[in-house]
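Colleague: I've just opened this one and would like some help finding my way around. Could you show me how to read it, feature by feature?

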Amino acid sequence: MIRRPPRSTLFPYTTLFRSRELVDLRYRTGIKIIIIHNGYASEALLACAHRHVSFSDITAKIPLKIQTKPSPSEAAFQIVVKNLPTNLDELKIRTRLKQLSDNCGGRVVSVYGDQAVMRFANKEATNRFAVFF
């Protein structure tokens, strides 16, 4: 008896894929279809897949990584603010953090998911801002 290895195909969702093309792949070739989508995929397209996963669900648990490599003195004056609301736009979160840090001289470096990185000029300013959180 010859055994064939299981076949699966992972499709990142784009507008190039149509549901009838995926149905053809699924039923004619027997390929297991998994779609990774951004939350705006049509129900017809999702119905063609064996499984579908939202990209934000996959990336939600990835820890925040600071893109720039700060100098040792600069790294001491950065704070990671956690548990920010995820239902708000990034611009609103940046604006609110900027308002909270204005009297301390803070700057919003990055916002990703429910976390943000703040940079301050000195340790005293960092400590003043940390009182809010």
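**Reading the helices and the core**

Modeller: Let's start with a helix and its neighbours: the buried residues of α6 are covered by elements that include β4, α5 and β6. Keep in mind that this is a predicted model.

Colleague: Fine. Which residues of α6 are buried?

Modeller: A125, T126 and F129. Looking down the axis of α6, you'd find these buried residues within an arc of 100°, so they line one face of the helix.

Colleague: Why would residues that aren't neighbours in sequence end up facing the same way?

Modeller: That's general helix geometry: an α-helix has 3.6 residues a turn, so residues three or four places apart point the same way.

Colleague: And what sits on the face of α6 turned away from its buried side?

Modeller: The exposed residues K123 and E124 are carried there. There's also something to see at the N-terminal end of α6, which is capped by N122. A side-chain oxygen of N122 lies 3.3 Å from the backbone nitrogen of E124.

Colleague: Let me try α5. How do I check its length against what a helix should span?

Modeller: Count residues and allow 1.5 Å for each. Helix α5 has twelve residues, 90–101, and should span 16 Å; the C-alpha atoms at its ends are 16 Å apart, so the two agree.

Colleague: Which of its residues are buried?

Modeller: In α5 they're I93, L97, L100 and S101. They cover an arc of only 90° around the axis, which means they sit on the same side of α5. On the face turned away from that buried side, you'll find the exposed residues L91 and K92.

Colleague: What covers the buried residues of α5?

Modeller: The cover includes β5 (107–112), β6 (115–119) and α6 (123–130).

Colleague: Now the core. Which members of the largest nonpolar core touch the most other members?

Modeller: That core has 14 residues, and the ones touching the most other members are V81, L84, L97, M118, F120 and F129. At least two residues come from each of β4 (78–81), α5, β5, β6 and α6. The largest share is that of α5, with three residues. Apart from this core lies another one, of nine residues, including L22, I33, I35 and C48.

Colleague: I see two Phe residues in that list. How do I describe a pair of rings?

Modeller: A pair of aromatic rings is described by the distance of the centres and the angle of the planes. Here the count comes to one aromatic pair. F120 and F129 form this pair, with 5.0 Å from centre to centre and 40° between the planes, and it is classed as tilted. Both F120 and F129 are buried.

Colleague: One last spot, S54 and S56. What joins their side chains?

Modeller: A polar contact of 3.0 Å. S54 belongs to strand β3 (residues 51–54), while S56 is in helix α3 (residues 55–59).

Colleague: Is S54 buried or exposed?

Modeller: Buried: the relative accessible area of S54 is 13%, and the cut-off for buried is under 20%. S56, with a relative accessible area of 46%, is partly exposed.

Colleague: And how far is S56 from G113?

Modeller: Their C-alpha atoms are separated by 9.0 Å, although S56 and G113 are 57 residues apart along the chain.

Note on methods. Residues numbered from 1 in each chain as written. Predicted model: local features only at pLDDT ≥ 70, side-chain atom pairs only at ≥ 80, totals over all residues. Heavy atoms only, no water. Phe/Tyr/Trp six-rings, centres within 6.5 Å; stacked < 30°, edge-to-face > 60°. Buried < 20%, exposed > 50% of the residue type's maximum accessible area, 1.4 Å probe, protein only. Helix = DSSP H or I, 4+ residues; strand = E, 2+ residues; numbered from the N terminus. Expected span 1.5 Å × (residues − 1). Arc of directions from axis to C-beta. Contact = heavy atoms within 4.5 Å. Polar contact = N/O pair within 3.5 Å; in protein donor to acceptor, adjacent residues only side chain to side chain. Core = buried A, V, L, I, M, F, W, Y, C linked by side-chain atoms within 4.5 Å.
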